[in-house]
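Hello,

Here is the structure I promised to pass on. Please open it first, then read the notes below.

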Amino acid sequence: MTRCILEHMKRFVLFVTACVCVAAVAALARPTAASASWCWPSCSSYGLLGQSTSTYTGCWFSNGEVCSYYNSWFNLGMAKTCYPGCDWNFNTTGVVLYGFENHDRIRGRFSSRGAVTLYVRPADLSMSGLLRAQVTWYAGTNQVNAAAIG
Amino acid sequence: MKVALALLLVVGAALAGLLVSRGGASRDTAELSNRGGPTVAIRGLRMKLATIRTGHVLATRHGRVFYRLRTVSGEPCFGVGFATDVGTPGSVVCQRGFPAGGDPVLDLSVYEGTRHDALELSLIRVEGFAADGVAAIQFFRPNGDIALTVPVRGNVYSAASIPRGPIAGYAAVDEDGKRVWRSP
């Protein structure tokens, strides 16, 4: 009887060890690209970016800007909706500057479009190294979702 | 009475349809006649929402490549990138409504700010796409003066040299120098 219990315990220990090994291999095999990401306001929702919006994380502008933490980002993606409305050409009254910043400068491109998806890589703005991804209010009302991947 | 009312509705609908189509509201003839070169493979885009596999190079100017792209679901996109790495756009814009008569410019110029106390931005690169009929793009100072005029060729514009100083908007002008559109 005792021998039978020990045999069962031995098998259980072997099973647990095998599971731990499989989990460790799976964790190590995950791509490093997924290790860094930033989203605003979240990775599955839109937020209103206005003149007084801030992430309070030390962005270039204290108000009217949302920005990520410093990282070596691969790109920034931004989706902007038609809220509160678009004209016939999908223009909104809102204008944003989207791009990157460091301690010395802020760089980006403007967009006033709604129903738009934009992507920009730091190198395309002639920037590199540790940067913050940023979206900055310039005019009007903007409903956006921003995300950066590293 | 009912027949007269039905007849009135039919005639009204026909007139409305005629007015809408003649007014150009039902179709927009603005386009980019530059269809670009042969298809090139597009790589290096880790973009979940805009899966782009192929595109066409519209032009190469001042070390930059201008792409006309399309997502696998058929959405039109435009991109720019360095000429040293053709097929890898550094920036992509996927949007509806361009080109259109009321939206003839897709500006992808890069702006820079160095002041924390004011949203004062200057140009560091000038580039973009423009619909047929746009001959040049004018960039303005905050006081309305023209800082830079860039010609459009093959639906693409790019400037080799850029003046310093703040910029507050841009406009599209036709061959006669008439302003046909202005940025918000």
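One pair of residues makes a good starting point: R68(B) stands opposite F78(B) in β4(B). Please keep in mind that this is a predicted model.

**Around β4(B)**

R68(B) and F78(B) face each other where strand β3 (residues 64-71) of chain B runs antiparallel to β4(B), joined by 7 bridges. The hairpin of β3(B) and β4(B) has 4 residues between the strands. In that hairpin, G74(B) takes a positive phi near 95 degrees.

β4(B) also pairs with β5(B). That pairing is antiparallel too, with 4 bridges. Here F78(B) appears again: its bridge partner in β5(B) is V93(B).

Is strand β4 (residues 76-82) of chain B mostly covered or mostly open? It is mostly covered, with 5 of its 7 residues buried.

**Domains of chain B**

The domain assignment splits chain B into domain 1 (39-94) and domain 2 (105-182). Their centres, taken over C-alpha atoms, are separated by 22 Å. The two do touch: 10 residues of domain 1 of chain B are in contact with 9 residues of domain 2 of chain B.

Which elements of domain 1 give two or more residues to that side? They are β2 (52-61), β3, β4 and β5 of chain B. β2(B) gives the most, with 3 residues. By class, this side of domain 1 divides into 6 nonpolar, 2 polar and 2 charged residues.

**Where the chains meet**

Now look at both chains. 27 residues of chain B are in contact with 33 residues of chain A. On the chain B side, β5 (91-95) and β7 (110-113) are the elements that give two or more residues. β5(B) gives the most, with 5 residues. The side of chain B that touches chain A has 13 nonpolar, 10 polar and 4 charged residues.

β7(B) also takes part in strand pairing across the chains. Strand β6 (residues 106-113) of chain A pairs with β7(B) in the antiparallel sense, over 3 bridges. One residue pair to find there is I106(A) with its bridge partner G113(B).

**The sheet shared by both chains**

How many strands form the open sheet, and in what order? There are 6, in the order β3(A)-β8(A)-β5(A)-β6(A)-β7(B)-β8(B), and the pairing is antiparallel. β3 (65-67) of chain A and β8 (122-125) of chain B stand at the edges. Each has a single partner strand, so one side of each is left without a neighbour in the sheet. From one strand to the next, the twist averages 30 degrees.

At the chain A end, β3(A) pairs with strand β8 (residues 132-139) of chain A, antiparallel over 3 bridges. E65(A) has T136(A) as its bridge partner in β8(A).

**A loop residue in chain B**

Last, look at S33(B). This residue lies in the loop between α1 (2-22) and β1 (39-41) of chain B. Why does S33(B) count as exposed? Because S33(B) has 9 other C-beta atoms within 10 Å, and a residue is exposed at 12 or fewer.

Leaving aside its neighbours within four places in sequence, S33(B) is in contact with D132(B) and N155(B). I146(B) is 113 residues from S33(B) in sequence, and their C-alpha atoms are 28 Å apart in space.

Over to you.

Best wishes

Notes
Residues are numbered from 1 along each chain as its sequence is written. Chains are lettered from A and ligands numbered from 1 in the order in which they are written. This is a predicted model: local features need pLDDT of at least 70, side-chain atom pairs count only at pLDDT 80 or more; totals for chains, interfaces and linings use all residues. Two residues are in contact if their C-beta atoms, placed from the backbone, lie within 7 Å. Ala, Val, Leu, Ile, Met, Phe, Trp, Tyr, Cys and Pro count as nonpolar, Asp, Glu, Lys and Arg as charged, and the others, Gly among them, as polar. Two strands pair if DSSP finds at least two bridges between them. A residue is buried if 20 or more other C-beta atoms lie within 10 Å of its own, exposed if 12 or fewer, and partly exposed in between; C-beta atoms are placed from the backbone. Domain bounds come from an automatic or database domain assignment. Axes are lines fitted to C-alpha atoms, for helices over the stretch in contact, and angles run from 0 to 180 degrees between N-to-C directions.
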